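Please read these comments with the sequence and coordinates open beside you. They are set out as numbered points for a colleague at the bench.

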Amino acid sequence: MEGAIIMKNARVFWGWMLLVLMFAAAIGSPTLAQTAEEQYVIGTYNIHIGKGMDGKLDLKRIANVIQTNKADVIGLQEVDRLTTRCQRIDQIAELKKLTNKEGVFGKSIDYQGGEYGIGILTSGRILKSEHRLFPEGKEDERRSFIAAQIELGEDAVFWALNTHLSLVAEDRAAQAKILLDYAKSLPGPVLIFGDFNDTPDGKIGIYNNFKEFFDDVWAATAAEPQSQKGFTFRADKPYARIDYIWISKNCGWQPIISRIPQTQASDHLLLSATI
C-alpha cells in the first residue's frame, strides 16, 4: 500500500514537472510572429500625369498599377494638380482616394492654372513632411524633392525622399548633391525614390556618389533577366535605366526582390521592390 502511494505521488510530481518544462519552453521559444520579419513593398513611378502610351489620360490605370503591386510606399513623379490639361483634377487627392492611402504633394512649378510636381503615397502614416525646391538652374523647369517621415508599423519608422531631377546635366549634378547631403543628415533608415534622368554610367557620377552611402535596390535584388538591366523608360520599348530606389547602407533593412511590371499606363515603367 505504501509503495502504491509513493508511485502515485511520483507520477503526480513528474506530471507537474512536465507541465512546467513545457510552459518554460513555450515562454523561452519565440513565436512565429516574433521570428517572422516584416516585409514591405516600395516603389517609384513616373506617372506622366496619368497619360499612357496610347495617349489617353486615365488615373484609374495608374491606381490599378499601384494596387496590383501592393505598394506600401511609392514615390510619384510628373503629377498634376488642378491643371487645365488634367481637367482640374487634384491627382494626388484622386490617387489617395483610388488607392486608399495617405499622400503628400510637392509643387515644382505653376502650370496651366494649377501645379505640377511630385508626390508620395503610403498605406502607413505620414508623421511629418517637408518639400524643398532646388535652386534655379539652366533648365526652365524648376525641380524639387519631398521628404516624408513615415510609420508603417511599431518598428518601421523611416524617411522617404522622392525627386525628379533635371534633364540638364549641370543642374542634375547640383540637385543630386543637395539631395544626397540632405538624405545623409536624416536619422534612421532612409529610402530615396526618383526619376534621376541619369544612367548608372552617367558621366557626371551621380550613381557612384549615391552608391557610396546607399544601396541600389535593383542592383542588389534584380529578379528579372539581367539583359533588361533595370530599364524603365520607355514603357513600350524600354532602353534606359533612369528610375531608382536607394536604401541606407547597414540600416537593418534588407532588400529581398525587385520587379519591373510591364504596363502601358505611363511612358515609364514602375520599379517595385520588397524589403
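The points below concern a predicted model, and they deal with its nonpolar cores and with one strand and its partners.

1. The largest nonpolar core in this predicted model has 27 residues, and those with the most contacts inside it are Ile42, Val73, Ile120, Ile150, Phe158 and Leu191. At least two residues of this core come from each of β4 (114-122), β6 (144-153), β7 (156-164), β8 (190-195), α7 (217-221), β10 (243-248) and β12 (271-274), while the largest share, four residues, is supplied by β6.

2. Another core, of 21 residues, lies apart from the largest one, and among its members are Phe145, Leu165, Ala176 and Tyr207. As background for both cores, nonpolar side chains tend to be buried together in soluble globular proteins.

3. Ile120 deserves a look in the viewer: leaving aside residues up to four places away in sequence, Ile120 touches Val73, Ile74, Glu102, Gly103, Val104, Ile146, Ala148, Ile150, Ala160 and Asn162.

4. Why is β6 largely enclosed by the rest of the structure? Nine of its ten residues are buried, that is, under 20% relative accessible area, and therefore the strand is largely enclosed.

5. On one side of the pairing, β5 (residues 125-133) and β6 are antiparallel over eight bridges, and Arg132 has Phe145 of β6 as its bridge partner. Strands β6 and β7 also run antiparallel and are joined by eight bridges, with two residues between them in a hairpin; here Phe145 stands opposite Thr163 of β7.

Methods
Residues numbered from 1 in each chain as written. Predicted model: local features only at pLDDT ≥ 70, side-chain atom pairs only at ≥ 80, totals over all residues. Heavy atoms only, no water. Core = buried A, V, L, I, M, F, W, Y, C linked by side-chain atoms within 4.5 Å. Buried < 20%, exposed > 50% of the residue type's maximum accessible area, 1.4 Å probe, protein only. Contact = heavy atoms within 4.5 Å. Pairing = 2+ DSSP bridges.
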